[in-house]
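User: Please take me through this structure and justify the terms as you go.

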Amino acid sequence: MLAGHAFTKPKSIAATARPGNPGIRSTRRMPAMRVLGIETSCDETGIAVYDTGRGLLAHALHSQVALHAAYGGVVPELASRDHVRRIVPLMRATLSDAGLTFAQLDAIAYTEGPGLAGALLVGASVAASLGYALGKPVIGVHHLEGHLLSPLLADPKPSFPFVALLVSGGHTQLFEVAGVGRYALLGDTLDDAAGEAFDKTAKLLGLPYPGGPALARLADAGGASRYRLPRPMIDSGDLDFSFSGLKTAVLTLVRREAGDRGIAALSPGSKADIAREFQAAVVDVLVTKAAMALDRTGHRQLVVAGGVGANLELRRRLTAEAERRGGRVYFPDIAFCTDNGAMIALAGALRLADDAGGGLGFGVRPRWALAEVPAAH
Ligand code: KG4
Ligand code: ZN
């Protein structure tokens, strides 16, 4: 059974891409370009090489999860220092996997924002130095644009236009995506993001950091319908979300069941049942609103991006809902749901192909709304 399986970020992965996704050049009359992607917006150093003719050539990731685990969250200064330590060896390993030298790259794409300022600066300064040394263009990519376009790395891939559900630790948003840089926001969370709700509730249940995958794993062991949690805003009639009340409802439920003794007094079975009901509540709301977005726009393709997209119960339910409408859901590979360099290399390549990026300048934008990203031509 698929339900409730969790994705645990690998500590470090390096892999060459599966053949199959042919890249994006088929739609453009231009020679194939090889773009290095650099992602350092938070606690993952992600590096990849994307070839506009052959697709993804190689990617590697170093996750800092173990580094931050003792603090229960990401410590910005530690994150920056670790990016500094990892980035050059990871770039060398990725290029070696791709069978390329630095000189064979055509452009460098990096995450310009949003994210942690110090962490972003590591990727930005490495990208700028490389671009300067190689005489190649440097493209600043919006992190969320990377997530939104990441399903284009899969085979088969969606075509524009589509509806995108972006569900990460910082965002829960529905977009109508008409093309590169043409993103219309359909709905947003009014408070906590879905991933944030997973993480906070996991903490409440005494689960280790990072909480989302741990909670999903626990939900797998739980049974149905012993507890009932609210489905916030499911009947609001709009496409917005709210998840902070759900976390409070779990807190109230734990207090009712365990009294002053707290979570430690709950049996493993009760904790698993609560986890399962929490996951069901979040998934019910996300699936209902994503289906509404398909109905309202008339589109048949739904793309899911961001870390919560790794949740297999969400995948199963969205797939069923889209199929019921004669539509289809596109998920990035699990490895490309959470932060990674491949999505940045791909977004950079699409910007390069469109000539909407380029130049030798660089900067970071720790706060940057996706609506400010220019449309591609
Ligand atoms: O996209 P992402 O890697 O980072 C950003 O927030 O940009 O997403 C991370 C979020 C975290 O909140 C994490 O708990 C959640 O995705 N997550 C999951 C699962 N795997 C990761 N949430 C639920 N189920 C999962 N299997
Ligand atoms: Zn992200």
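Analyst: Here are the terms, each set against its cut-offs.
This is a predicted model, in which local features need pLDDT of at least 70, side-chain atom pairs count only at pLDDT 80 or more, and totals for chains, interfaces and linings use all residues. Residues are numbered from 1 along each chain as its sequence is written, chains are lettered from A and ligands numbered from 1 in the order in which they are written, and side-chain values use heavy atoms, leaving out hydrogens and water.

User: What makes His 143, His 147 and Asp 339 donors of the zinc ion (ligand 2)?

Analyst: Donors are N, O and S atoms within 2.8 Å of the metal (3.2 Å for Na, K and Ca); water is not among the atoms, so sites may look incomplete. His 143 (NE2), His 147 (NE2) and Asp 339 (OD) lie 2.0 to 2.2 Å from the zinc ion (ligand 2), so they qualify. Their spacing along the chain is H-x3-H-x191-D. His 147 lies in helix α4 (residues 143-149) and Asp 339 in the loop between β11 (328-330) and α10 (341-353), so the pair ties together parts 192 residues apart in sequence.

User: Why is the site of the zinc ion (ligand 2) called irregular?

Analyst: Four donors are tetrahedral if all angles lie between 85 and 135 degrees; four are square planar and six octahedral if opposite donors are over 155 degrees apart and all others between 65 and 115; anything else is irregular. Here the angles among the four donor atoms run from 93 to 140 degrees, so the site is irregular.

User: How do you know that the span of helix α3 agrees with expectation?

Analyst: Helices (H or I, at least four residues) and strands (E, at least two) are DSSP runs, numbered from the N terminus. The expected span is 1.5 Å times one less than the number of residues. For the 18 residues of α3 (residues 117-134) that gives 26 Å; the end C-alpha atoms are 25 Å apart, so the two agree. Buried residues (under 20% relative accessible area, 1.4 Å probe, protein chains only) of α3 include Leu 120, Val 122 and Leu 130. Their cover includes β2 (34-39) and α2 (76-98).

User: What makes β9 and β11 edge strands?

Analyst: Two strands pair if DSSP finds at least two bridges between them. The open sheet runs β9-β8-β7-β10-β11, with mixed pairing. β9 (182-188) and β11 each pair on one side only, hence edge strands. Strand β7 (residues 162-167) and strand β10 (residues 301-305) run parallel, joined by four bridges.

Methods:
Buried < 20%, exposed > 50% of the residue type's maximum accessible area, 1.4 Å probe, protein only. Contact = heavy atoms within 4.5 Å.
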